[in-house]
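Student: I'm new to this structure. Could you walk me through it?
Tutor: Gladly! Here it is.

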Amino acid sequence: MMKFLLVLVMMTPLGFLNYFWLLQFSMIFVSFMFLLTFSLNYMYMYISYCFGVDLISYLMILLSFWVCSLMVMASGKIYLTRFWSQLFIFVLLILLISLLMAFSALNLFMFYVFFEVSLIPTLMLILGWGYQPERLQAGIYLLFYTMLASLPMMVTIFFYYYNHGTLEFFMLDKELNEILLYLCMNMVFYVKIPLFFIHLWLPKAHVEAPVSGSMILAGIMLKLGGYGLMRMMVVFMSIGMKINSVFIGLSMIGGLMVSLICLRQSDMKMLIAYSSVAHMGLAVSGILTMSFWGMSGALMMMIAHGLCSSGLFCLTNLNYERLGTRSLYLNKGLINIMPSLSLWWFLFVSSNMAAPPSLNLMGEIMLINSILSYESLNMIILMMVSFLGAAYSLYLYAYSQHGKIYSGLMAFCTVNFREYLLLLMHWLPLNVLILKGELMCLWL
């Protein structure tokens, strides 16, 4: 793992030299190098000092590399306007390094440290390159929601170490059976994923963030919560069997409520942000069933959602850069003026509603299987969530592509090669990975 960290550290001068294209190429090259080192083994590999990779870490790190390289590609406007572009690249690389170290940490405290460190570059992205003046409030929301929930986790980590003498993921075999300790340890992951009721920071942060901020939030930062829950459920097996049903019910009903909220959004970014809450509600329910299907389905859903949601944010940004608005009342009739982009809208919206052959479909099937095995009454809510998922996805597509063109629309440039490539690099892994879906099931 240290060699990949060293490569990323060596890349930082490229940001200060303002070689956007070279840095982007290097990051995609590292992604492919990391892809080639894959081992069909569920055990840890590349162990060095206190870092190592098993299958879930591997997939999350690969997703981090991929989304961060696409963030550079999506931020062409920052490069063209020279708006602190060197600092932007530096912040992005620090963020990537912190995510890489968080996902490959073998020690719970190391994971906690880098989990928190990744907040700072994300906050800088929102505050520095956000679009509206409310970005300060959005940044404070993000910071305080996470910081408030993470302090009890730190205390619980110290408590566990004091009593059991280890924090290595290999050796987390002593269970904690108090509800208070369960809440203290896992609440930060519920905030991060986010669970319904503590999700308000997410739509706000997405709306105020630049496209790169939205991509990293949807693509990677939410996955930190799911990754943490997957790692920590080992410690809460017995108490989890009693209390997890409460959180599964909460996330199911939350997914239903959020899907209904999606149907009345006028801001495209807000709609996609709320749909993230609904999808991750399914993923957290799968993890909390503590079944093989649930864990594998949640892992698959996290990978699929990272690519699909990030792609939808890119599409919204393409419209925003040309029309100057994200409102669905003004983004109308786009099939008449940008028909090639309408195809991409259709492809991503169909993936978002879990249509074949997307990875979302496979993840959703596995999650539905695990949630119904846990409690068959969930069938009613799952039907509603699945139906409403299709409804708000079609609403987003139909409202933006059809209708009468906004009369105040002036001349604008068409979509260029870089932007098509950006969309293709989101869509291709999302729909091709289903052919190797069994890889997601190796890690248990």
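**Rings, charges and a helix**

Tutor: The charged end of K204 sits over the ring of Y141, 5.7 Å from its centre; this label needs NZ of Lys or CZ of Arg within 6 Å of the ring centre and within 35 degrees of the ring normal. This is a predicted model, where local features need pLDDT of at least 70, side-chain atom pairs count only at pLDDT 80 or more, and totals for chains, interfaces and linings use all residues. Residues are numbered from 1 along each chain as its sequence is written, and side-chain values use heavy atoms, leaving out hydrogens and water.

Student: Over the face of which residue does R231 lie?
Tutor: Look for the ring centre at 5.3 Å from R231. The residue is F169.

Student: How many aromatic pairs are there?
Tutor: Rings of Phe, Tyr and Trp (its six-membered ring) pair if their centres lie within 6.5 Å; planes under 30 degrees apart count as stacked, over 60 as edge-to-face and the rest as tilted. By this rule, the count is 23.

Student: What is the angle between the planes of Y190 and F247?
Tutor: Their ring centres are 4.7 Å apart. The pair counts as stacked, with an angle of 15°.

Student: Is Y190 buried or exposed?
Tutor: Buried means under 20% relative accessible area, exposed over 50%, and partly exposed in between (1.4 Å probe, protein chains only). Because its relative accessibility is 0%, Y190 is buried.
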